[in-house]
Amino acid sequence: MEANFNQPQRQSLVGILVIFLEMVFQVLKATWPIIVISLLKANSKSIFIGSLILLGMIIWLGVYSYLNYRNFTFYIDEENEEFIVNDGIINKTKTSIQLHKIQQVNIKQNLIQRLIGVYALDVDTAGSDKKEGNIKAISHQLAIVLKSRLLENEGKRSMVSEDIVEAKPEYKAIPFLKINLVSLLKIGITSNYVKSVGLILTFFFTIYENLHQAGAEDVINTERLEGFVDNNSLWYSGLVFVLIMFSIVFLINIGRTLIKFFDYTVTQQKGSLMLTYGLINTQSTILKPEKVQIVKVSRNYLQKKLNVLEIKIRQAISNEQKDNKSLIEIPGCNAFERDEILKLLFKQLPEKGAKMQPNFRKLVFSIFLTIVLPLTGYFLFGKYAEPKVFEYVNVAVFYTIFMLVLLFFGYRNYRLFVNENHIIKQSGAWDIDNDIIQIEKIQAITTSQLFWHKSLNIGSLTMHTAGGNITFQLGKFDQINEYVNLWLYEIETSNSNWM
């Protein structure tokens, strides 16, 4: 296939339908509780008026979708080596993206796009908190050609023609890493429990709040729950709640992992990595190893026994809100596959070098903040305000023991390893994280020391990168300063041009 990107071109014609359906979905997602409750309680007159409003909204969304499609064009300016995107209905915008600053190109396909048979493509750089050049509807072949052109690592133009870019066969190359279904199941079983519990609680509280505001809180029968708690002991009720919550989280974790990372494939392509995955919303992402800032390798005890781990890759970001959205995850690989990926990203396998460990005061301070202060508040509240809280003293004992164990292992695993080219920060109590950065990609270094720590020779270190910060607290301050001086010298004398 050949594609001329020198002339402005529009998306596929069915892009009108994609834009329209996506806007309808967003409206329904934001208002569905109100719509459902209104239908249950509305009379015939209200339904008629609501239908007219709905019809008017559909017409307005249709007109908006058509105008959005007509005014959206994209092309490549070969002379200035820029990717140009024109967009807007009333306020027209022109976005110019320098090709050498593009760090990631994603090819995606959500459920709507899959049903229609088109793909979305967005371009990501470090200079914005959102995706630039978001194309909602193009063919897969055109997306592959455009992606290949935008991410030419060698910085050379195609030798085929000045104006014509041809599709290359490299995207059909045999992948060197493919995460199988068993590995995904292992990751789903052993990870993200805290996050899943938070999502479940947020979901139920949101539903209850919406029902309450709409005057339909009677839909949820809380009498049975209160009766169950009253008729059983606190420990039994708590155990039942934990088992139910664990079962729900267990199923959600497995389902989320399989749906999000299904058929995860990593392919080396012309100096870059292409990652393809997804069951319902498929995604194909190409990233340049030289743009990688921080690589986090995470593994807990169960994952170690099952020989699986997770890798999270951060590229340059413009703010903290974009951090999680730009995170690239590789789940379910084994130790050998981890080493191969790290070799591709860093050109060598990072090794743990000289070790730095924190002063024991870090553990003491953590115990004071998370155990001593909460327990003090608990006993003062029980003594002077509500003595009934002492009936739950067993919960306080369990909390104290649990937090002590957690803090102890967190302190024991908290280390900083330094070698000639890399810095590895190890942390975590259950999930052991290893954050890896290259010294040459450090943008700034901050050291700090409280005045009462001077006599103890302890202080903290923060390394600033374009992908986020890495902090190491309460290490030997003279040793930290020695490393800082060495790193600053290496950064100043480095000829790396990763940006």
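Reader: Which residues of α12 are buried?

Author: This model is a predicted one. A residue counts as buried when its relative accessible area is under 20%. In helix α12, the residues that are buried are K362, L363, I371, L375, Y378 and G382.

Reader: What covers the buried residues of α12?

Author: Helix α12 runs over residues 361–384. Cover here rests on contact, which means heavy atoms within 4.5 Å. The elements that cover the buried residues of α12 include α13 (393–413) and β22 (468–476).

Reader: Where is the kink in α12 centred?

Author: From its first C-alpha to its last, the 24-residue helix α12 reaches 32 Å, close to the 34 Å expected at 1.5 Å a residue. There is nevertheless a kink of about 40° in α12. The centre of that kink is F368.

Reader: How many helices and strands does the protein have, and what share of its residues is buried?

Author: The secondary structure comes to 14 helices and 22 strands. The protein has 499 residues. The share of these that is buried is 40%.

Reader: Among contacts with a separation of 6 or more, what share is between residues 24 or more positions apart?

Author: The contacts considered are those in the protein with a separation of 6 or more. Of these, the part that joins residues 24 or more positions apart is 60%.

Reader: Is S427 buried or exposed?

Author: S427 is found in strand β18, which covers residues 422–427. Leaving aside residues up to four places away in sequence, S427 touches N413, Y414, I432 and D433. Its relative accessibility is 15%, and the cut-off is under 20%, so S427 counts as buried.

Reader: Which element gives the most to the nonpolar patch on the surface?

Author: The patch is formed by L111, L115, L181, L185, I189, I259, F262, L279 and I280, with about 760 Å² of accessible area together. Two or more of its residues come from each of α3 (111–116) and α5 (181–190). With three residues, the element that gives the most is α5.

Reader: Is L115 buried or exposed?

Author: L115, one of the residues of the nonpolar patch, has its place in helix α3. Because its relative accessibility is 70% and the cut-off for this class is over 50%, L115 counts as exposed.

Reader: How many residues apart are E22 and K136?

Author: E22 and K136 form a salt bridge, their closest N and O atoms being 3.2 Å apart. The pair links distant parts of the chain, with E22 in helix α1 (residues 15–41) and K136 in strand β7 (residues 132–138). E22 is buried at a relative accessible area of 17%, while K136 is partly exposed at 26%. In sequence, the two stand apart by 114 residues.

Reader: Which residue forms a salt bridge with E329?

Author: E329, in strand β15 (residues 328–333), is linked to a distant part of the chain, helix α8 (residues 234–261). E329 is buried, with a relative accessible area of 17%. The closest N and O atoms of the salt bridge are 3.2 Å apart, and the partner of E329 is K260.

Reader: How many residues apart in sequence are the parts that K296 and D435 tie together?

Author: K296 and D435 form a salt bridge with their closest N and O atoms 4.0 Å apart. Both residues are buried. Because K296 lies in strand β13 (residues 292–299) and D435 in strand β19 (residues 432–438), the pair ties together parts whose separation in sequence is 139 residues.

Conventions: Residues are numbered from 1 along each chain as its sequence is written. This is a predicted model: local features need pLDDT of at least 70, side-chain atom pairs count only at pLDDT 80 or more; totals for chains, interfaces and linings use all residues. Side-chain values use heavy atoms; hydrogens and water are left out. Helices (H or I, at least four residues) and strands (E, at least two) are DSSP runs, numbered from the N terminus. Buried means under 20% relative accessible area, exposed over 50%, partly exposed in between (1.4 Å probe, protein chains only). Patches are made of residues with over 30% relative accessible area and no salt bridge: like charges are joined within 9 Å, nonpolar side chains (Val, Leu, Ile, Met, Phe, Trp, Tyr) within 5 Å. Accessible areas come from the Shrake-Rupley method with a 1.4 Å probe; for residues, only the protein chains shown count as cover. A salt bridge is a side-chain nitrogen of Lys or Arg within 4 Å of a carboxyl oxygen of Asp or Glu. The expected span of a helix is 1.5 Å times one less than its number of residues. The bend at a residue is the angle between axes fitted to the seven residues ending there and the seven starting there.
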